Structures are given as C-alpha cells and as structure tokens.
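Hello,

Here is the structure I promised to pass on. Have a look at it first, and my notes on what turned up follow below.

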Amino acid sequence: MELVNRMKLEFLSLPSNVAFARVAAGAFASQLDFTLNDLEEIKVAVSEAVTNAIIHGYGSRPDKTVTLTAEIRKDTLVLVVEDLGKGIEDVEKALQPASSTDPERMGLGFSFMQSFSDSLVVDSRPGAGTRVTMTRTCSREANPPAGL
Amino acid sequence: MLFTSGKGDVYLIMDLHAEVKGATLLARVAGEIDLAVADTLRSALDRELDGNAGIRHIVINLYGVNYIDSSGLGVLLGRYKRISRNGGSVFIVGAQPQVRRIIEMSGLLRIMQECSSEADALNRAG
C-alpha cells in the first residue's frame, strides 16, 4: 500500500511515556479521518502495547528503549510497538484474555489491542524482544485540504 | 489530593479526593488512569482502607476521569477483590462514555454496581 506518512519515536521505558506514546499516536492518526471514538480506541491500543513493553518486556526497568512507529498507508494506519526485552515464551497463551497472573492486573492488554485493531500481529522471541503490529483502516476518506 | 508523577519536571496527571461516609469510602478520581498513576492510586486507596477498618464499601466517582486502560482497571479490580472478601461492594458512578465502554468491555460492570449518581450509590451502600 502507498506510504503517505511515517513517524518513529524512541523513548525510555518510563510509565509516564505511556501517555506520551498514545497522545502522539492519536495526533498522528488524526491525519486520517478517524472519528473521535476511533482515535480513543487507537490510543488505548497503543497504551496497552507500550504498557506491555514496559512491564512484561523490560520488567518495569526504566532505562530501556521502547520504539513506536506509525505509518499511514493510503487509508490505513499501521502501528508498531517494539521492545528488546525478554520476549514472550508462548504468544498464543499471552493473547488469551485474563492471562495475567498478577491479581492487580486484568490480563486484558492484548484483548483491547485486538478489539481496537483490524489486525494484530505479535512477533516475539524469548530473550530478543517483542514487536506488536496493529493496523486499522479508516472507513472514511480523508478530507482534502481546503483550496485543493 | 493531587498526585504527580515523574522526576524533575512533574506531570500533573491524577487527582483523588477521598472521604469516609459511615462504612463507605467515597473516592472521586480525576485525570488519566494508566500505568503512570496506577500504583499511586492503588496506594492512596489502600491507605484509606488500611486507616479505617470500618469501611465496608467503596463508591468510585469517575466523572473526572477522561482516560482509563487495563492498568487502571487493575486498580479497580484489586480494590473490588479486597472489599468483596468482607462482603462489601464497589459502586461505580459518573463514568464518561469512553471510560464506561472500557470498563464494560472488561467485565467489571458484572461484578461492580453502576449507579446513576453519588447519592444513589451512597444510599445503596447504606
């Protein structure tokens, strides 16, 4: 698909960067004609992916790097969240709802990512990190700039 | 009570006002409830519960919350588990549509009671 725009952010694995990542992704996504509700969902999906990278990928270590790449390909938003952390042993199991063993967590991160994306791909190798790719197509054509 | 997060430059991201009314903890929460504030919110609520053994129920007013994700939901779930061990209930009030949708998708509304107002929730809590 034709690449329209692309951005890449690298940030430390700090909890305060979860909000930064979702706001940046939401602002980038707004270049397509998503509804406000769509944008809220995209922000939740990004938050969950970044939260997973920080908590599970890096075990909450704050000095590691998380990468968020966002692309607009024609009418589709492609979001990639990557960490170089410990990886996921069993991706299929991790994708199941309520897979968390922590009583203070619901294990719904991947469920929200799935619900709020058209497609979700999780590439992970133990010891090498995790790459989460989500796509979401905008059902409405973007409005052309005024005067064109 | 206002809570901030981050070192050096601080980010104002959450506000919690808690008061005890009889056997009920009324917690008015505002801001964005994600990983950055989940621990702070959890600790603040637990401090209230630890400090008053007579608390049986919690009313959580989410009117001022404009964002929540699974980290925030985990805080709600953890407090529910704690309160329900002693036969208490958690009441949810005032969730904005986008926040309510996330809570509903999580299934928490099946175990917590959603009320139309703070007064209604406090009345139900007794």
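Before the first finding, a word on angles: helix axes are lines fitted to C-alpha atoms over the stretch in contact, and the angle between two N-to-C directions runs from 0 to 180 degrees. Please also keep in mind that this is a predicted model.

**Chain B: a helix pair**

Let me start with helix α1 (residues 35-51) of chain B and helix α2 (residues 70-84) of chain B, whose axes come within 8 Å and cross at roughly 20 degrees. That makes α1(B) roughly parallel to α2(B), since angles under 35 degrees count as such. The crossing of α1(B) and α2(B) is right-handed.

Which residues in α1(B) and α2(B) meet? From α1(B) come B:L35, B:A38, B:L41, B:R42, B:L45, B:D46, B:L49 and B:D50, and from α2(B) come B:S71, B:V75, B:R79, B:R82 and B:I83. By character, the residues of this contact of α1(B) with α2(B) divide into 7 nonpolar, 1 polar and 5 charged.

**Chain B: strands and an arginine**

Strand β3 (residues 24-33) of chain B has 7 of its 10 residues buried, so it is largely enclosed by the rest of the structure. β3(B) runs parallel to strand β4 (residues 57-68) of chain B, and 9 bridges join the two. If you want a place to look, B:R28 has B:N61 in β4(B) as its bridge partner.

β4(B) also pairs in the parallel sense with β5(B), over 4 bridges. There, B:V59 stands opposite B:F91 in β5(B). Strand β5 (residues 90-93) of chain B is covered on both faces: B:V90 and B:I92 are buried on one side, and B:F91 and B:V93 are buried on the other.

One more residue to pick out in this chain is B:R100, which is found in helix α3 (residues 97-106) of chain B. B:R100 is partly exposed, with a relative accessible area of 26%. Apart from its neighbours within four places in sequence, B:R100 is in contact with B:A95, B:L109 and B:E114. The C-alpha atoms of B:R100 and B:Y67 are separated by 9.7 Å, although the two residues are 33 apart along the chain.

**Chain A: the sheet**

Over in chain A there is an open sheet of 5 strands in the order β1-β2-β3-β5-β4, with antiparallel pairing. β1 (3-12) and β4 (119-125) of chain A stand at the edges, each with a single partner strand, so one side of each is left without a neighbour in the sheet. From one strand to the next the twist averages 10 degrees. Helix α1 (residues 16-29) of chain A packs on this sheet and touches β1, β2 and β3 of chain A, and its direction makes about 170 degrees with that of β1(A).

Is strand β3 (residues 76-83) of chain A mostly covered or mostly uncovered? β3(A) is mostly covered, with 7 of its 8 residues buried. On one side, β3(A) pairs with strand β2 (residues 65-73) of chain A in the antiparallel sense over 8 bridges, and A:E71 stands opposite A:V78 in β3(A). β3(A) is also joined by 8 bridges to strand β5 (residues 129-137) of chain A, again antiparallel. In that pairing, A:T76 has A:T137 as its bridge partner, and A:L77 stands opposite A:R136.

**Chain A: two positive phi values**

Most residues other than glycine have a negative phi. β2(A) and β3(A) form a hairpin with 2 residues between them, and A:K74 in the turn has a positive phi of about 55 degrees. At 51% relative accessibility, A:K74 counts as exposed. A:S60 is not a glycine either, and has a positive phi of about 65 degrees. A:S60 is found in the loop between α2 and β2 of chain A and, at 46% relative accessibility, counts as partly exposed.

**Chain A: a helix pair**

Last come α1(A) and helix α2 (residues 36-57) of chain A, whose axes come within 8 Å and cross at roughly 145 degrees. The crossing of α1(A) and α2(A) is right-handed. The residues of this contact of α1(A) with α2(A) divide into 9 nonpolar, 3 polar and 2 charged. Among those that meet are A:V18, A:A21 and A:A25 in α1(A), and A:L39, A:I42 and A:V46 in α2(A).

Best wishes, and enjoy exploring

How values were computed:
Residues are numbered from 1 along each chain as its sequence is written. Chains are lettered from A and ligands numbered from 1 in the order in which they are written. This is a predicted model: local features need pLDDT of at least 70, side-chain atom pairs count only at pLDDT 80 or more; totals for chains, interfaces and linings use all residues. Side-chain values use heavy atoms; hydrogens and water are left out. Angles under 35 degrees count as roughly parallel, over 145 as roughly antiparallel, 65 to 115 as roughly perpendicular and the rest as oblique. A crossing is left-handed if the near helix is turned anticlockwise from the far one by less than a right angle, and right-handed if clockwise. Contact means heavy atoms within 4.5 Å. Ala, Val, Leu, Ile, Met, Phe, Trp, Tyr, Cys and Pro count as nonpolar, Asp, Glu, Lys and Arg as charged, and the others, Gly among them, as polar. Buried means under 20% relative accessible area, exposed over 50%, partly exposed in between (1.4 Å probe, protein chains only). Two strands pair if DSSP finds at least two bridges between them.
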